[in-house]
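Q: How should one read a single residue in a model, and then work outward to the elements around it?

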Amino acid sequence: MTQDHREKDSITFNTPFELGLRSLGILSEVYPENIDLKRLLIYDYLIIHSNDIKNGPPSLHPSTPHRSSGMIIRRKILQDGLNLMYSKSLLDIIYDKSGITYRASSLTKPFLGLVDSTYLGKLKFNAKWVVERFSDLEDEALDEYINSHLIDWGGEFEYEFLMEESEE
C-alpha cells in the first residue's frame, strides 16, 4: 500500500466531499444567515463529536484520543469541500466588509432531500442541535467555550494556533 493510499484511508469521513456535505447540513440549518469558515469548522467538529458536549446527542464519529487536533487538518479539507459544493451551486460564497462567509443556496435543501442515508439523517439532527445550542454565542464566547473544553475533548494543541492561521 502506498503512502498516499494510507493517508487517504486514515481520514475516512474527512474528504472534501464529506466535509462539504456536512457543511451543507450546517448551512441549511443557519439559513438565511451566513457563516464564516471558522464557525463552520467548529460546528463541524461539534456535529461529529456532539457527545463531547454535556447533554449532546450521540456523536456521528467515535471518540478517539487527540480528536480535536483533527480540526487542524480539516481546515484545508473544509475549504476544498466548500469550493466543491460551490462549483455545483450548492452554496453561495459571500464577499463583504466582514470577510468571506458562506450561505445555503436555493439548491442546498433540495439536494440534501435527495440524499437518503442514516448518516445524513443523524448529521441533520446533530446540525440542528448544534445550531440551536451555539448560534446565539458571539464569536468570542464560542472561542472561549471551545478553548475551555479542548483538553477534555482529547486535544493537545493550542486552539489559538488553529484559529489565527491566515486563510489560503
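A: This is a predicted model, and a good place to begin is leucine 120, which is buried, with a relative accessible area of 2%. Burial here is a matter of a cut-off, since a residue counts as buried when its relative accessible area is under 20%. Leucine 120 belongs to helix H6, and, leaving aside residues up to four places away in sequence, leucine 120 touches Leu21, Leu112 and Val115.

Q: Which other residues of H6 are buried, and what covers them?

A: A helix can be read through the spacing of its residues: an α-helix has 3.6 residues a turn, so residues three or four places apart point the same way. In H6 the buried residues are Leu120, Leu123, Asn126, Ala127, Trp129, Val130, Val131 and Phe134. The elements that cover them include H2, H3, helix H5 (108-114) and H7.

Q: How does the span of H6 relate to the expected value?

A: The end-to-end distance can be set against a rise of 1.5 Å a residue. Helix H6, residues 118-134, has 17 residues and reaches 24 Å from its first C-alpha to its last, close to the 24 Å expected.

Q: What is the C-alpha separation of leucine 120 and arginine 22, and how far apart are they along the chain?

A: Separation along the chain and separation in space are two quantities to be read side by side. Leucine 120 and arginine 22 are 98 residues apart along the chain, while their C-alpha atoms are separated by 8.3 Å. Arginine 22 sits in helix H2, which covers residues 16-30, and at 1% relative accessibility arginine 22 counts as buried. A second pair involves arginine 22 and tyrosine 43, which lie 21 residues apart along the chain and have C-alpha atoms separated by 9.4 Å.

Q: Tyrosine 43 leads to H3; is that helix enclosed or open, and what is its span?

A: Counting buried residues along the helix addresses the first part: eleven of the twelve residues of H3 are buried, so H3 is largely enclosed by the rest of the structure. Those buried residues are Leu37, Arg39, Leu40, Leu41, Ile42, Tyr43, Asp44, Tyr45, Leu46, Ile47 and Ile48. As for the span, at 1.5 Å a residue the twelve residues of H3 should reach 16 Å, and the end C-alpha atoms are 17 Å apart, which agrees.

Q: How many cavities of 30 Å³ or more does the structure hold, and which residues line the largest?

A: A cavity is read through its volume and its lining. The structure holds one cavity of 30 Å³ or more, and the largest cavity has a volume of about 30 Å³. Its lining is made up of Asp36, Lys38, Arg39, Ile42, Asp139, Leu142 and Asp143, and by class these residues divide into two nonpolar, no polar and five charged. Helix H3 (37-48) and helix H7 (139-149) each supply at least two residues of this lining.

Q: Which backbone features deserve attention in the loops?

A: Two things to look for are a cis peptide bond and a positive phi outside glycine. The peptide bond from tyrosine 31 to proline 32 is cis, with omega near 15 degrees, and proline 32 lies in the loop between H2 and strand S1 (35-36). Asparagine 55, which is not a glycine, has a positive phi near 65 degrees; asparagine 55 lies in the loop between H3 and helix H4 (70-87) and, at 70% relative accessibility, counts as exposed. Serine 89 likewise has a positive phi of about 65 degrees although it is not a glycine, and serine 89 is placed in the loop between H4 and strand S2 (91-96), where, at 41% relative accessibility, it counts as partly exposed.

Q: Which residues does serine 105 touch, and is serine 105 buried or exposed?

A: Serine 105 touches Ser89, Leu90, Leu91 and Asp92, not counting residues up to four places away in sequence. At 10% relative accessibility, serine 105 counts as buried, and its place is in the loop between strand S3 (99-104) and H5. Serine 105 and proline 32 are 73 residues apart in sequence and 9.2 Å apart in space, C-alpha to C-alpha.

Q: What can be said of the whole chain?

A: The protein chain has eight helices and three strands, running α-α-β-α-α-β-β-α-α-α-α from the N terminus on. Of its 168 residues, 44% count as buried. Among contacts with a separation of 6 or more, 67% are accounted for by residues 24 or more positions apart. The chain exposes about 9,400 Å², of which carbon and sulfur atoms supply 52%.

Conventions. Residues numbered from 1 in each chain as written. Predicted model: local features only at pLDDT ≥ 70, side-chain atom pairs only at ≥ 80, totals over all residues. Heavy atoms only, no water. Helix = DSSP H or I, 4+ residues; strand = E, 2+ residues; numbered from the N terminus. Buried < 20%, exposed > 50% of the residue type's maximum accessible area, 1.4 Å probe, protein only. 1 Å grid on protein atoms, 1.4 Å probe; cavity = no way out; pocket = protein on both sides within 12 Å on 5 of 7 lines; lining within 4 Å. Points joined across faces, edges and corners; volume = space filled by probe spheres on them. Nonpolar A, V, L, I, M, F, W, Y, C, P; charged D, E, K, R; others polar. Expected span 1.5 Å × (residues − 1). Contact = heavy atoms within 4.5 Å. Areas by Shrake-Rupley, 256 points an atom, 1.4 Å probe, with all protein chains shown as cover.
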